[in-house]
Amino acid sequence: MARALRLAERGAYTTRPNPMVGCVIAREGEIVGEGWHVKAGEPHAEILALQAAGERARGATAYVTLEPCAHTGRTGPCADALAAAGVARVVAAMRDPFPQVDGAGFDRLRAAGVAVVQSGLMEAQARRLIRGFLSRFERGRPWVRVKLATSLDGRTAMANGDSRWISGEASRRDVMRWRARAGAILTGAGTVLADDPSLTVRFGDDTPFEPPLRVVLDPGLATVARGHVREGGAPTLYIQTADAKPPRDLDVQRAVAPAVGSSFDLRAVLELLAQRGINEVHVEAGATLAGAFLAAGLADEVLLYVAPVLLGDRARPLFGGLGIDAMAQRLRLEIVDVRAIGEDQRLLLQPAAR
């Protein structure tokens, strides 16, 4: 199963909106076939593993990171293919919450005489791997990651907005991997006006990836006719309020989300993106929007690059609008991972359970 999980991760940049899935077929202690889901619309992990195993799949055990599918979409049911190949046993790390599967894959296998082991073997690792897909079906919204770069004194930009560059080149390269695994990269109109980001994935090599959707929260469509965020091969979606009037003859993707006061209802924005098949949202924005996601309890993790520099007390803070006035109101974050990226430290944090 550990091998299957490593294989599944190879599809991190290409499988969406499908989940990453890996499969290893073993017989008498020997791996006879393996595969991973590469791209939506192409064969699933189980099919590729069966093709690699050939006749050796008969009587073997298939280790799969997710319940085999039981429906016909762009590909046929993997549960049927496993049974037809003569696989004797299927060990799955977890059940698939997708409504057209959700236990039906296991049922089909059992009905065909295949032994099914729902042991939860490495289930925590499997869930972590496809956390965005699970979030979309279990919570009705994507998994949200807020990315920030900060100085040692917790500042993200100078008072005039200048933020290039706090983090080092190695950190900026590392961010591309996180962007590439996201279904959408989200920012606010203020960031577009101040920094004019492109929000694209730039690997500098031939690494395959599907360009994430760029999402700009722009209530009045102030940025819709300008900026690098409209350029390049990645699609861009502008989210507006109902009364915004777009410029004439401008062909852009737009969607309407409700507002709460002067700000968007961020939960409604996320639900809208989930309906578009977005599993993970990668937020790259200023302190106000980053703080709004955190304050609303919608930031599932914070990706923080800490550079060994000081910007001083007049520089801009990490998060705005948290409304913390007493120590008892403080928001606790749990450190999931820490590692050196060039001269910087990269922290992956999750809000602690309240």
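The following questions and answers concern a sheet and a cavity in this predicted model.

Student: In what order do the five strands of the open sheet lie?

Tutor: Strands of a sheet pair through backbone hydrogen bonds, either parallel or antiparallel. In this sheet the pairing is mixed, and the five strands form an open arrangement in the order 2-1-3-4-5.

Student: Which strands stand at the edges, each with a single partner strand?

Tutor: An edge strand has one partner, so one side of it is left without a neighbour in the sheet. That description applies to strand 2, residues 30-36, and to strand 5, residues 115-117. Neighbouring strands of this sheet are turned by 20 degrees against each other on average, direction ignored. The edge strands are thus strand 2 and strand 5.

Student: Which residue of strand 2 stands opposite isoleucine 25?

Tutor: Strand 1, which covers residues 22-27, pairs with strand 2 in the antiparallel sense over six bridges. Opposite isoleucine 25, the residue in strand 2 is glycine 33.

Student: At about what angle does helix 2 run to strand 2?

Tutor: Helix 2, made of residues 45-53, lies across strand 1, strand 2 and strand 3, the last of these being residues 61-64. Its angle to strand 2 is about 140 degrees.

Student: How many charged residues are in the lining of the largest cavity?

Tutor: The search of the whole structure finds one cavity of 30 Å³ or more, and about 140 Å³ of space lies in the largest cavity. Its lining comprises 15 residues, with Asn18, Met20, Arg181, Asn279 and Glu280 nearest the centre. By class, seven lining residues are nonpolar and five are polar, while the number of charged ones is three.

Technical notes. Residues are numbered from 1 along each chain as its sequence is written. This is a predicted model: local features need pLDDT of at least 70, side-chain atom pairs count only at pLDDT 80 or more; totals for chains, interfaces and linings use all residues. Side-chain values use heavy atoms; hydrogens and water are left out. On a 1 Å grid over the protein atoms alone, a cavity is a set of points where a 1.4 Å probe fits but cannot get out, and a pocket is an open set with protein on both sides within 12 Å along at least five of seven lines; lining residues have an atom within 4 Å of a point. Grid points are joined across faces, edges and corners, and a volume is the space filled by probe spheres set on the points. Ala, Val, Leu, Ile, Met, Phe, Trp, Tyr, Cys and Pro count as nonpolar, Asp, Glu, Lys and Arg as charged, and the others, Gly among them, as polar. Two strands pair if DSSP finds at least two bridges between them. Helices (H or I, at least four residues) and strands (E, at least two) are DSSP runs, numbered from the N terminus. Axes are lines fitted to C-alpha atoms, for helices over the stretch in contact, and angles run from 0 to 180 degrees between N-to-C directions. Contact means heavy atoms within 4.5 Å.
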